[in-house]
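Please open the model in your viewer and keep the selection tool at hand. The stops below say what to pick next and what is found at each place.

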Amino acid sequence: MQKENQTYKIAPAHRLASVSEYYFSKKLKEVAQMNAEGKDVISLGIGSPDMPPSEKTIETLCNNAHDPNGHGYQPYVGIPELRKGFAAWYQRWYGVELNPNTEIQPLIGSKEGILHVTLAFVNPGEQVLVPNPGYPTYTSLSKILGAEVINYDLKEEDGWMPDFEALENMDLSRVKLMWTNYPNMPTGANATPELYERLVDFARRKNIVIVNDNPYSFILNEKPISILSVPGAKECCIEFNSMSKSHNMPGWRIGMLASNAEFVQWILKVKSNIDSGMFRAMQLAAATALEAEADWYEGNNENYRNRRHLAGEIMRTLGCTYDEKQVGMFLWGKIPASCKDVEELTEKVLHEARVFITPGFIFGSNGARYIRISLCCKDAKLAEALERIKRL
């Protein structure tokens with residue numbers, strides 16, 4: 001007979017030892033606790049757009065949600081209307097022709113695409129190239145899946161671009177994927193056609209797949225470009241895109257990837273065993289959002305420009321320096337030499353000014369003396385954050 005209060009010695013899977021809880025998951029709990037205590041923290045941390053999607057997008061969602069036949073399971077490959085919408089969007093804004101039937105895969109946000117692509121291409125023990133600094137999920141999901149992470153440096157003196165000479169001198173015999181992210185998060189460095197041409201050439205010669213994460217190209221960026229615009233890129237590249245940033249739809253979890261038909265089929269083999277299609281009304285609304293005209297994007301950017309000015313004032317008040325040519329929805333700045341380390345600064349700002357700013361070390365060792373300010377905050381709150389920091 002089983003004894004009462006018996007302690008079971010259940011251990012988690014070994015893979016959890018290689019990762020920790022996502023920084024923002026932990027830190028936002030702390031911020032929530034401070035708010036519960038009445039401390040009214042202004043969060044300039046995560047990049048979650050606070051502006052709404054277009055009015056037509058909301059109307060399409062509401063109208064189709066009333067369809068009694070629209071609530072069933074949807075195709076794993078996404079509905080034709082959404083795939084065609086993504087193809088037309090890529091043709092119009094990036095000048096890239098994609099076959100909507102075979103070269104596009106909608107995703108439940110591009111974050112899940114990192115999981116699916118790694119499962120489809122990388123065996124345990126094989127290697128992936130990850131930028132330092134870079135999006136932490138490239139590293140954490142790779143480790144969870146048993147891949148070995150090899151960092152490649154991005155440095156301010158190189159304009160946050162890969163050092164191709166250093167890459168050429170690395171042993172790449174076990175590398176399957178190279179993660180790139182332009183316009184870059186967290187640094188705001190913009191892509192150039194020359195960068196994409198070099199990456200495609202590098203991938204073809206080294207037999208590596210480049211995965212370019214491209215969700216920020218419509219934010220404070222005059223000319224969006226895609227790595228798939230380079231001749232031959234589809235043969236060796238996959239590109240992610242997302243409606244979270246470009247269309248103010250982060251909670252909708254709608255993204256996509258594009259590549260050659262064979263790569264897309266491999267990824268679909270993984271994805272179709274993990275989830276089902278998204279709600280039909282959401283997919284139809286997303287297709288409507290993709291039809292936005294230039295003036296809709298410009299309206300967004302007008303707001304981001306105002307916020308960027310205030311974020312720059314916060315940087316200067318803290319003694320930080322930053323590149324005025326940055327694009328995207330963050331501002332990345334270097335802390336002054338007088339600061340011992342970045343967390344000393346961000347913790348002081350959090351607990352004394354009640355403003356949450358992201359320390360750059362969470363993106364890798366090359367971010368250890370930088371901070372990142374999100375522009376996803378109303379002007380009035382940004383102005384209040386500035387005044388609080390001035391009083392420090």
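Select Glu197, which sits in helix α7, where helices are DSSP runs of H or I with at least four residues, strands are E runs of at least two, and both are numbered from the N terminus. Glu197 counts as partly exposed because its relative accessibility is 46%; buried means under 20% relative accessible area, exposed means over 50%, and partly exposed is in between, with a 1.4 Å probe and protein chains only. From Glu197, draw a distance to Leu228, a residue 31 places away along the chain, and the two C-alpha atoms turn out to be 9.8 Å apart.

Before going further, note that this is a predicted model, in which local features need pLDDT of at least 70 and side-chain atom pairs count only at pLDDT 80 or more, while totals for chains, interfaces and linings use all residues. Residues are numbered from 1 along each chain as its sequence is written, and side-chain values use heavy atoms, with hydrogens and water left out.

Stay with helix α7 and select Lys206 together with Glu168, whose side chains meet in a salt bridge with an N to O distance of 3.2 Å; the term stands for a side-chain nitrogen of Lys or Arg within 4 Å of a carboxyl oxygen of Asp or Glu. Since Glu168 belongs to helix α6 (residues 164-168) and Lys206 to helix α7, the pair ties together parts that are 38 residues apart in sequence. Glu168 is partly exposed, at a relative accessible area of 29%, and Lys206 is partly exposed as well, at 28%. The structure as a whole holds 26 salt bridges.

For another of these, select Lys348 and Glu352, which form a salt bridge of 3.2 Å, N to O. These two residues are 4 residues apart in helix α13 (residues 342-353), so about one helical turn separates them.

Next, select Glu384 and Arg388, a salt bridge in which the closest N and O atoms are 2.8 Å apart. Both residues lie in helix α14 (residues 379-390), 4 residues apart, or about one turn of the helix. Is each partner buried or partly exposed? Glu384 is partly exposed, with a relative accessible area of 30%, whereas Arg388 is buried, at 5%. Add Asp40 and Lys381 to the selection, and you have a network of salt bridges linking Asp40, Lys381, Glu384 and Arg388.

Now colour the chain by domain: the assignment gives domain 1 (14-52 + 295-390) and domain 2 (55-291), with bounds that come from an automatic or database domain assignment. The C-alpha centres of domain 1 and domain 2 lie 25 Å apart. The contact between them, meaning heavy atoms within 4.5 Å, takes 33 residues from domain 1 and 34 residues from domain 2.

Domain 1 and domain 2 bury about 2800 Å² between them, 59% of it on carbon and sulfur atoms; this buried area is the accessible area (1.4 Å probe) that two parts lose on being put together, summed over both. On the domain 1 side, select Tyr297, Val327 and Asn366, which lose the most area to domain 2 and together make up 25% of what that side buries. Across this interface the rule finds 0 salt bridges.

Move into domain 2 and select Thr57, which lies in helix α2 (residues 55-65). Thr57 counts as buried because its relative accessibility is 0%. Leaving out residues up to four places away in sequence, Thr57 touches Met249, Trp252, Ala285, Thr288 and Ala289.

Then select Ile150 in strand β4 (residues 148-153), a residue that counts as buried at 19% relative accessibility. Apart from neighbours within four places in sequence, Ile150 is in contact with Gln127, Val128, Leu129, Val130 and Met170.

The last stops concern the backbone. The peptide bond from Asn132 to Pro133 is cis, with omega near 5°, and Pro133 is placed in the loop between β3 (127-132) and α5 (136-144). A cis peptide bond also joins Met185 and Pro186, where omega is about 20°. Finally, select Asn248, which has a positive phi of about 60° although it is not a glycine, and which counts as buried at 3% relative accessibility.
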